[in-house]
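Student: Got a minute to go through a structure with me? I want the side-chain contacts and the backbone oddities.
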Amino acid sequence: MKKRQIAIWLPTIGALLLSLAVFAQLFLYDDAETQVTASGIDSYKTILLAGVDEAGENTDMLMLCTVDKENGSVRFLQIPRDTFYKTDKGIGKINRIYRSNLSKYGKKRAAEELTKEMENALSVSVDGYVVFDIQTVKSFVDTVGGVPVNVPHVISYFDGNAGVERTIPAGERILNGEEAVAFVRHRKSYAEGDLGRLDAQLRFLSGVATIAPSLKKIDCIVGIYQKILPNLLTNLTEKDIMEVMMAYLKNRNSYTVTFMRLPGEACYTNGTWYYVLYRGATEAMLKEQFGASVPFDNERRFTDTKRVALSNIYFTKDTIYRVYTPDEVANKRILRG
């Protein structure tokens with residue numbers, strides 16, 4: 001997003017956020033209902049979340065986040081970065097879509113093209129996008145005072161600023177920004193490779209979900225406005241943000257958060273590891289949980305029928321998928337969708 005565009009709309013959003021924060025404090029213990037007029041399909045707001053690597057090119061984290069504005073429930077759908085995917089430019093992994101458009105069109109157009117690609121590929125209507133980098137994650141965690149995470153085992157990482165090796169002990173921890181970045185990026189010690197990192201990302205989001213009630217504090221919102229929003233690449237409007245915040249304020253004592261991953265499994269073929277989707281289970285999940293309107297993947301972009309290893313996984317008759325609560329995410333490994 002261009003700096004001039006940011007300068008135009010961020011002050012407005014900042015004022016809006018602060019106003020809503022004060023509003024929240026005023027009726028925090030007021031049981032009066034807040035009116036939300038949207039209903040049916042119009043009550044849902046779906047946003048594509050894309051976290052880019054240090055180079056700002058590959059999407060190491062790709063998710064859909066759907067907010068039900070009527071009851072405040074939030075659903076996260078994880079799209080593994082190694083998912084096998086074909087574009088008009090060839091065969092590869094889904095995390096290269098943003099990069100392939102970046103050099104040609106720039107960040108804003110690349111984000112738009114990624115959103116359009118995901119919308120078409122998953123047959124799910126997407127209302128907006130948010131692209132962020134690892135420094136944004138670090139700033140967010142430090143701004144909110146840390147995020148609680150159940151670390152599955154000791155994790156070592158190199159602190160580039162201090163030039164030393166550091167460790168994150170196993171168990172229940174409050175991670176600071178630097179530790180959170182190391183945790184969500186780490187994968188070398190997981191036997192299941194990148195699937196272990198996907199689990200870690202969900203554990204981190206589960207921790208964020210547990211601290212969501214504290215984000216209504218005015219000082220926290222001011223910090224998010226000053227340190228986080230200017231570093232996001234997004235097409236969300238003031239109305240979008242207000243709708244999401246009002247859904248939270250209305251349902252602050254009863255909102256639910258669930259996590260999902262596109263069902264599939266890892267596959268090594270032709271010298272490369274891919275994550276290959278189960279077509280039947282993916283179609284069921286997208287229809288039942290995200291309102292997909294047409295059969296999944298008519299163009300067969302998520303498989304290659306010439307590669308037996310891929311097609312055997314893709315066309316499995318398994319139609320079972322899992323929906324996880326924050327507690328399940330925080331305490332269990334998730335090796336299948």
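Tutor: Start with a definition: helices are DSSP runs of H or I, at least four residues, numbered from the N terminus. One more thing up front: this is a predicted model.

Student: Fine. Where do Glu 113 and Lys 116 lie?

Tutor: Both lie in helix α3, residues 107-122. They are 3 residues apart, about one turn of the helix. They form a salt bridge, with the closest N and O atoms 3.6 Å apart.

Student: Is Glu 113 buried or exposed?

Tutor: Glu 113 counts as buried, at 18% relative accessibility. The cut-off for buried is under 20%. Lys 116 is partly exposed, at 44%.

Student: Why would such side chains pair at all?

Tutor: Side chains of opposite charge can pair when their charged atoms come close.

Student: How many salt bridges does the count come to?

Tutor: The count is 12. One of them joins Lys 93 and Asp 82, at 3.5 Å from N to O. That pair links distant parts of the chain, 11 residues apart. Lys 93 sits in strand β5, residues 90-93. Asp 82 is in the loop between β3 and β4.

Student: And which is buried, which partly exposed?

Tutor: Asp 82 is buried, at 10% relative accessibility. Lys 93 is partly exposed, at 23%.

Student: What about Arg 301? Which residue is its salt-bridge partner?

Tutor: Glu 299. The closest N and O atoms are 2.8 Å apart. Arg 301 is buried, with a relative accessible area of 18%, whereas Glu 299 is exposed at 59%.

Student: Which residues do shared partners join into one network?

Tutor: Asp 60, Arg 81, Asp 82 and Lys 93. Salt bridges with shared partners make the network.

Student: Switching to rings. How many aromatic pairs does the structure hold?

Tutor: It holds 6. Among them is Phe 76 with Phe 259, which is stacked. The centres are 5.4 Å apart and the planes differ by 10°.

Student: Why does the count call that stacked?

Tutor: Planes under 30 degrees apart count as stacked, and this pair has 10° between its planes, so it qualifies.

Student: What does the pair tie together?

Tutor: Parts that are 183 residues apart in sequence, because Phe 76 lies in strand β3 (residues 74-78) and Phe 259 in strand β12 (residues 257-261). Phe 76 is buried, with a relative accessible area of 12%. Phe 259 is buried too, at 0%.

Student: Which residues do ring pairs link into a cluster?

Tutor: Tyr 85, Phe 296 and Phe 302.

Student: Which residue lies over the face of Tyr 105?

Tutor: Arg 109, at 3.8 Å from the ring centre.

Student: Now helix packing. At what angle do α4 and α5 pack?

Tutor: About 135°, with their axes 7 Å apart. Helix α4 covers residues 134-143 and helix α5 covers residues 177-185. That makes α4 oblique to α5. The crossing is right-handed.

Student: Last topic, backbone. What is phi at Ser 123?

Tutor: It is positive, about 55°, although Ser 123 is not a glycine. Ser 123 sits in the loop between α3 and β6. It is buried, at 15% relative accessibility.

Student: And where is Asp 297?

Tutor: In the loop between α9 and α10. Its phi is near 55°, again a positive value in a residue other than glycine. Asp 297 is buried, with a relative accessible area of 6%.

Key. Residues numbered from 1 in each chain as written. Predicted model: local features only at pLDDT ≥ 70, side-chain atom pairs only at ≥ 80, totals over all residues. Heavy atoms only, no water. Phe/Tyr/Trp six-rings, centres within 6.5 Å; stacked < 30°, edge-to-face > 60°. Helix = DSSP H or I, 4+ residues; strand = E, 2+ residues; numbered from the N terminus. Buried < 20%, exposed > 50% of the residue type's maximum accessible area, 1.4 Å probe, protein only. Lys NZ or Arg CZ within 6 Å of the ring centre and 35° of its normal. Salt bridge = Lys/Arg side-chain N within 4 Å of Asp/Glu carboxyl O. Axes fitted to C-alpha atoms, helices over the stretch in contact; angles between N-to-C directions. Parallel < 35°, antiparallel > 145°, perpendicular 65-115°, else oblique. Left-handed = near helix turned anticlockwise from the far one by under 90°.
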